[in-house]
Amino acid sequence: MDETILELHGIRKSFASVRVLEGVDLTLKRGKVLGVVGENGAGKSTLMNILGGIIKRDSGEMLLEGAVYEPKNPNDAKKKGISFIHQELSLFGNLSVKENLFIDGLPTKGGVLVNYPYMSKRAKEALALLGVRVNVDKPIDSYSMGIRQMVEIAKSLLRDTRVLIFDEPTTSLSQVEKEDLFKVIGDLTEKGVSIIYISHVLEDVFALCEDICVIRDGKVIGQKPTSRLDKDAVVKMMVGREITDLYPYIQKNPGKDMLKIEDLTSQGKFEDVSFDLRQGEIVGMFGLVGAGRSEVARAIFGVDPYDSGSVSIEGEAIAPTPQACIAKGVAFVTENRKEEGVLLTKSIQENLTLVDLDGIRGKFASINKAKERSACKRIIDLVKIKTYDPAKQEARQLSGGNQQKVVIGKWLMKAPRVFIMDEPTRGVDVGAKFEIYNYINDLAAQNTAVLIISSEMEELMGICDRILVLSKGRLTGEMKRGDYTQQAIMEYAVMGG
């Protein structure tokens with residue numbers, strides 16, 4: 001039996017005058033995991049969308065088990081046994097687990113009534129293959145992100161999937177859920193399913209994948225066995241240069257208190273949280289899933305209400321609303337980029353100017369187009385957003401990393417005094433991460449106080465002056481740079497100090 005199940009030869013794709021893929025070659029072996037890595041905007045998503053029948057290639061050839069593969073649409077790809085688990089899961093929160101599993105084609109009795117007993121039986125069988133036992137009659141929103149992802153995988157298995165594509169599957173998973181996913185991937189490959197695994201988490205790629213394919217600027221730089229590569233070599237292939245220090249740190253002399261949080265409490269979420277941020281200081285906040293990190297950040301910025309406590313800027317109490325925070329120079333990058341960070345159907349230019357419309361107004365309160373273009377160009381050049389036309393290109397057309405740059409860039413328009421960033425590098429490639437760390441250092445150098453919430457402990461240890469640790473909604477530890485270790489941070493996070 002031929003060990004190759006999928007071959008791509010010379011795949012090319014352009015959008016308008018912009019070349020996105022330039023002759024991509026890729027080979028996937030039967031029952032194996034191929035890691036596909038590259039910077040945001042390298043062309044990974046475009047290539048997978050071609051494979052999944054979402055968009056059409058300009059030229060090149062695709063072979064599935066030796067036969068020409070020409071998907072006309074996503075349903076055609078599914079019928080051929082190719083399924084896609086997107087980073088943003090395609091589930092309907094108000095529908096039950098079993099309804100989500102059969103949403104593409106509800107089974108019927110006599111072609112009229114929906115056959116719910118059959119759906120329940122098949123749903124339980126499909127999920128049991130993944131080691132998942134849940135009430136299939138409950139709405140999918142009742143379950144954790146890990147369970148939802150397993151439902152998405154089970155949906156693909158009901159279609160007799162031969163090739164399963166994962167796009168950044170671990171960004172919203174806890175460590176336990178990630179381990180469960182890896183076990184399922186191992187079980188699937190043993191059953192002969194072939195996996196394409198797209199991720200910016202290189203540690204996971206090395207742990208899971210037999211081969212790694214690196215894409216840069218629309219070209220395959222190389223596809224090699226994982227055993228012949230190391231992390232440094234892959235990073236160099238991705239970005240075209242060596243990054244010798246992934247976490248750039250600059251020595252600082254923090255100034256006066258900028259943000260002060262006193263006894264902040266939201267019943268059931270967090271309790272008696274108190275800390276401060278000083279001018280030119282970068283402070284990290286760490287905690288395990290459910291610790292309350294994001295909830296604290298959202299309360300500070302006034303997105304969610306809190307029951308008691310206070311938030312003040314330079315000694316002055318601030319009203320718990322986003323409008324009041326923005327007026328006082330507070331910026332907030334949400335962890336939920338797709339739903340709260342960008343307006344996906346609006347242009348890049350409209351997104352970037354969203355929080356500083358007053359700064360680009362002309363006479364009679366209308367938008368001054370020249371000011372708007374100039375302001376956007378400054379930010380696009382600063383954060384290196386890849387775009388062919390910021391006034392016309394919609395945010396949804398950007399890669400995840402470039403969308404994140406838009407989220408950060410719109411706040412840089414306002415020259416914030418306090419910048420709260422919740423998971424600012426989630427789903428971002430190593431090169432873009434390095435750039436974001438440099439933006440953060442630049443902000444601190446300009447006397448901005450920065451609070452970074454991250455589930456990546458090494459990230460916080462690398463760039464922060466202090467680290468705060470939350471456990472079960474309480475602040476359990478605070479350490480200065482030079483004093484913290486991974487063990488000490490985890491002890492505060494797990495055992496409460």
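Here is a short chat about some helices and strands in this predicted model.

Colleague: Let's start with the open sheet: in what order do its 4 strands run?
Modeller: The pairing in this one is antiparallel. The edge strands, each pairing on one side only, are β14 (270-278) and β17 (316-317). Inside, β13 (residues 257-266) pairs with β16 (residues 308-313) over 5 bridges. Put together, the order is β14-β13-β16-β17.

Colleague: Which residue in β16 does T265 stand opposite?
Modeller: We're looking at the antiparallel pair of β13 and β16. Opposite T265, β16 has S308.

Colleague: And which helix lies across β13, β14 and β16?
Modeller: Look for a helix at residues 293-300, running at about 65° to β14. That's α9.

Colleague: On to α5: how far apart are its end C-alpha atoms, and why does that agree with what a helix should span?
Modeller: Helix α5 covers residues 145-157, so 13 residues. At 1.5 Å a residue, α5 should span 18 Å. The distance between its end C-alpha atoms agrees with that, at 19 Å.

Colleague: What covers the buried residues of α5?
Modeller: The buried residues in question include G146, Q149, M150, I153 and A154. Both strands and helices contribute to the cover. It includes β6 (82-85), α3 (97-101), α4 (116-128), β9 (163-167) and α6 (175-190).

Colleague: Are α5 and α6 roughly parallel or antiparallel to each other?
Modeller: Their axes are 10 Å apart and meet at an angle of about 15°. Angles under 35 degrees count as roughly parallel. α5 and α6 are therefore roughly parallel.

Colleague: Which residues of α6 do the α5 residues meet there?
Modeller: α5 passes α6 in a right-handed crossing. From α5, the residues involved are M145, G146, Q149, M150, I153 and L157. On the α6 side they meet E177, D180, L181, V184 and L188.

Colleague: Now β20: how many of its residues are buried?
Modeller: A449, L451 and I453 point one way from β20, while V450 and I452 point the other way, and all are buried. Strand β20 spans residues 449-453 and is mostly covered. The count is 5 of its 5 residues.

Colleague: Which residue in β20 is the bridge partner of M285, and which is the bridge partner of V418?
Modeller: β15 (residues 282-286) pairs with β20 in the parallel sense over 4 bridges. β19 (residues 418-422) also pairs with β20 in the parallel sense, over 5 bridges. For M285 the partner is I453, and for V418 it's A449.

Methods
Residues numbered from 1 in each chain as written. Predicted model: local features only at pLDDT ≥ 70, side-chain atom pairs only at ≥ 80, totals over all residues. Heavy atoms only, no water. Pairing = 2+ DSSP bridges. Helix = DSSP H or I, 4+ residues; strand = E, 2+ residues; numbered from the N terminus. Contact = heavy atoms within 4.5 Å. Axes fitted to C-alpha atoms, helices over the stretch in contact; angles between N-to-C directions. Expected span 1.5 Å × (residues − 1). Buried < 20%, exposed > 50% of the residue type's maximum accessible area, 1.4 Å probe, protein only. Parallel < 35°, antiparallel > 145°, perpendicular 65-115°, else oblique. Left-handed = near helix turned anticlockwise from the far one by under 90°.
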